[in-house]
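Visitor: I would like to learn how to read a protein–DNA model. Could you walk me through one?

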Protein chains: 2
Amino acid sequence: MIATFTALAEPNRLRIVEFLQRGAQPVGAISERLHLRQPQVSKHLQVLKGAGLVDVRPVAQQRLYELQPAPFHDLQLWLEPYRQLWAARFDALDAVIAELKQQERKETRHGRKKK
Amino acid sequence: MIATFTALAEPNRLRIVEFLQRGAQPVGAISERLHLRQPQVSKHLQVLKGAGLVDVRPVAQQRLYELQPAPFHDLQLWLEPYRQLWAARFDALDAVIAELKQQERKETRHGRKKK
DNA sequence: TCACTATATTCCTTGCCAAGAATATTCACA
DNA sequence: TGTGAATATTCTTGGCAAGGAATATAGTGA
């Protein structure tokens, strides 16, 4: 998890990962489209590979880098316990709304008085 | 997104975030349970606060730190496009399984031959 | 106002990491 | 086998970020 976060914490690496959503890409294409120098791209890709975020497939003298599902899936699982953070908040909001409706009904029944 | 990843990339900060799943905690409790010195905890909490991952609520001379939903929700949204990575993989696996079953049926029909 | 508790801040040092520049490696093809 | 294209590696430097120690600040109660 730390490895994943560390890898994604670097701006250019994050850009590379997002670019790879389009599918496997050779180093040159990444370098060109993201305006990064080739050596830095290679280095970032090594880090991403080290974290298991990408894998390589050699094609002629090119190397095609491709996203790997596992870390993203792990991230999803890691995130699960935190889901209740905003779920709870929405529940609370629902409760408030229910309360308001209840209040509204009472006031309507008794004839609405000041505010 | 970068801010979130950067904040979570530091091991002790990640531990703090995970500890805060139990609900709001004062600095002292975090320091004690995670065996971290108080100043470092305060410093990490500032970083987490800067990234919007936590918020503070003063209670007497304590400060209660609490997780904030927004960044986690954002992370969930960011992750969405990558979901197809493993979804696609499962589809592929399904295809393989279907293929195998098909094969199995043929072999059964013709009388199974070597292997 | 004083003393005590809880937390924040500052200063310093050290280690790591990203970029740049130069060079090495790998591979296809003539 | 030599040449050019694509990519990887090495070395160096600058900056930033984390930990430690010391100190400052806020808030409470007597």
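Visitor: Which element gives the largest share of the surface near DNA strand D?

Guide: Happy to help, and keep in mind that this model is predicted. The largest share comes from α4(A), with 5 residues.

Visitor: How many residues surround DNA strand D, and which are the closest?

Guide: A residue counts here if one of its heavy atoms lies within 4 Å of the strand. By that rule 23 residues surround DNA strand D, and the closest are Gly28(A), Gln38(A), Ser42(A), Tyr65(A) and Lys43(B). Of the DNA strand D atoms that come within 4 Å of the protein, 65% belong to sugar and phosphate.

Visitor: Which residues should I look at around the phosphate oxygens of DNA strand D?

Guide: Start with chain B: N or O atoms in the side chains of Asn12(B) and His44(B) each lie 2.8 Å from a phosphate oxygen. In chain A, Val27(A) uses a backbone N or O atom, 3.2 Å from a phosphate oxygen. Two or more residues near the strand come from each of α3, α4 and β3 of chain A, and from each of α2 and α4 of chain B.

Visitor: How many residues of that surface are nonpolar, polar or charged?

Guide: There are 6 nonpolar, 10 polar and 7 charged residues.

Visitor: How do I read a helix, and which residues of α2 in chain A are buried?

Guide: An α-helix has 3.6 residues a turn, so residues three or four places apart point the same way. In α2(A), the buried residues are Arg13(A), Leu14(A), Ile16(A), Val17(A) and Phe19(A). At the N-terminal end, Glu10(A) acts as the cap, with a side-chain oxygen 2.9 Å from the backbone nitrogen of Asn12(A).

Methods:
Residues numbered from 1 in each chain as written. Chains lettered and ligands numbered in written order. Predicted model: local features only at pLDDT ≥ 70, side-chain atom pairs only at ≥ 80, totals over all residues. Heavy atoms only, no water. Buried < 20%, exposed > 50% of the residue type's maximum accessible area, 1.4 Å probe, protein only. Helix = DSSP H or I, 4+ residues; strand = E, 2+ residues; numbered from the N terminus. Polar contact = N/O pair within 3.5 Å; in protein donor to acceptor, adjacent residues only side chain to side chain. Nonpolar A, V, L, I, M, F, W, Y, C, P; charged D, E, K, R; others polar.
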